[in-house]
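Colleague: I'd like to learn how to read a ligand site and a residue's surroundings. Could you walk me through an example?

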Amino acid sequence: MYWNERAETMSRDERAALQCERLREAVGRAYQHVPAYREKMQQAGLLPGDIRDIGDLPRLPYTLKADLRDNYPFGMFAAPMRDVVRIHASSGTTGKQTVVGYTRRDLEIWNECMARSLTMCGVTHEDIMHVSYGYGLFTGGLGGHYGGETVGCATIPVGVGNTKRQLQIMRDFGSTVLLCTPSYAMLLGDAVQKEGIIDDIKLRIGVFGAEPWTLPMRQEIEARLGLVAYDIYGISEISGPGVANECLCRCGLHVHEDHFLTEVVDPDTGEPLPDGRPGELVFTCATKEALPLIRYNTRDITALHHEKCACGRTLVRMDKPTGRTDDMLIIRGVNVFPSQIESVLLGFGEAAPHYLIVVDRQGALDSLEIQVEMTDAFFSDEVRALEGLERRIRREVENTLGLAAKITLVQPNSIERYEGKARRVLDKRTFL
Ligand code: DLL
């Protein structure tokens, strides 16, 4: 059993004292080592010494994804590169990735939070853990992996893709815990049903996250794979998976708030909101050395609940995120900004700057179609020319997003024009 009883069940007063001490250190570190943050604080007329109490947190300026982009790649790091031992990245709003770094101690804390998350939903050292999150720059694979090893699970770095091999490993190695995106769990569940091998599978727990998923989807996955499914939330800027997790009660996700100070704020006014009111989720990294983000606005929409949980934990709970206030889409677990697609299309003279991104769910998987208008000059009925252009755009989009897309060329002037803000995305999926 791996859990930090003291951190997870301490009284709110005790935790506030711990958070306060850590907040002061984090603000001092950011101010001293990150020029962009020092500038923000100076603009707000604040010095680190002004932050004395946890109640002073809302006085601090927000950090946004744009700050990470403007200081690409390492400008927001508070630790020298000789102390950075790992780098991950996730999609940015333009071609540039959002880059995150970790010192050795940051990795230890991430592992601990991930191990606590797994333990929270019943994973033990007796388990055989099948990790089907992507390994690589995405934090899901390695984050889940080291969390599993920390718990003491026999951890299998399967990665994504090759469904046949996934099923074979599941069956032959006797995997008992599955980590992947909920949409991939749906797909694996489909395959298990089709092969008729449910009785040969020993899965008992699924830990699914990285994208929003619904309660009906949870029931569907549980029925297909014969396991109990738990929600895990994470974001690379804050660490990766394991920022928050459902416990056995499944009534919200407990945030490891001794490391990640948590607020929900009004998207219009920026003011903190009381428990139960949905707004934008904001985290402050209280213990991070390499990237101590202060009041990082995730743009995820959720509400908080501070009352003690039936499991005994006093850690604040967040509702399942229901969406975002920016235009980031999560398609098959991959973060996609429409602006990334637009910048690819702008590189093709044959395409007009008019397009529509259509996201849907077909069976278990999200689908992405990009309808691209041709220019009058290029427009032709010649099938070979059209196919060639489609192929070139598809290749470029896939290289940029790391995601397969269907490209549909449409006639000039066929995509709706808007006088106000153009609606470039048609998302037909439902998340409620
Ligand atoms: O998705 C980290 C992760 C890996 C979480 C594996 C869980 C499991 P990013 O790629 O930076 O990091 O994407 C972060 O994904 O701001 C949310 O919009 C969304 N997200 C993550 N978990 C959930 C969840 C990883 N459980 C962004 N429910 C976040 C809904 C989620 N949305």
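Colleague: How many residues surround the ligand, and which are the closest?

Modeller: Keep in mind that this is a predicted model. A residue joins the shell when one of its heavy atoms lies within 4 Å of the ligand. Here 22 residues surround the ligand, and the closest are Asp231, Ile232, Ser236, Asp300 and Asn335.

Colleague: Which polar side-chain or backbone atoms lie at 2.7 Å from a nitrogen atom of the ligand?

Modeller: For polar contacts, look for N or O pairs within 3.5 Å. A polar side-chain atom of Asp231 is 2.7 Å from a ligand nitrogen, and a polar backbone atom of Ile232 also lies 2.7 Å from a nitrogen atom of the ligand. In the side chain of Ser236, an N or O atom is 2.6 Å from a ligand oxygen.

Colleague: How much of the ligand does the protein bury?

Modeller: Compare the ligand alone with the ligand in place. Alone it exposes 610 Å², of which the protein buries 98%. Helix H6 (139–151) and strand E7 (228–235) are the elements that each give two or more residues to the shell, with E7 supplying the largest share, 5 residues. By class, the shell holds 10 nonpolar, 7 polar and 5 charged residues.

Colleague: Now a single residue: is Trp110 buried or exposed?

Modeller: Buried means under 20% relative accessible area. Trp110 is buried because its relative accessible area is 3%. This residue sits in helix H5 (residues 104–120). Beyond neighbours within four places in sequence, Trp110 contacts Arg86, His88, Tyr102, Thr139, Gly143, Ser239, Gly240 and Pro241.

Note on methods:
Residues numbered from 1 in each chain as written. Predicted model: local features only at pLDDT ≥ 70, side-chain atom pairs only at ≥ 80, totals over all residues. Heavy atoms only, no water. Polar contact = N/O pair within 3.5 Å; in protein donor to acceptor, adjacent residues only side chain to side chain. Areas by Shrake-Rupley, 256 points an atom, 1.4 Å probe, with all protein chains shown as cover. Helix = DSSP H or I, 4+ residues; strand = E, 2+ residues; numbered from the N terminus. Nonpolar A, V, L, I, M, F, W, Y, C, P; charged D, E, K, R; others polar. Buried < 20%, exposed > 50% of the residue type's maximum accessible area, 1.4 Å probe, protein only. Contact = heavy atoms within 4.5 Å.
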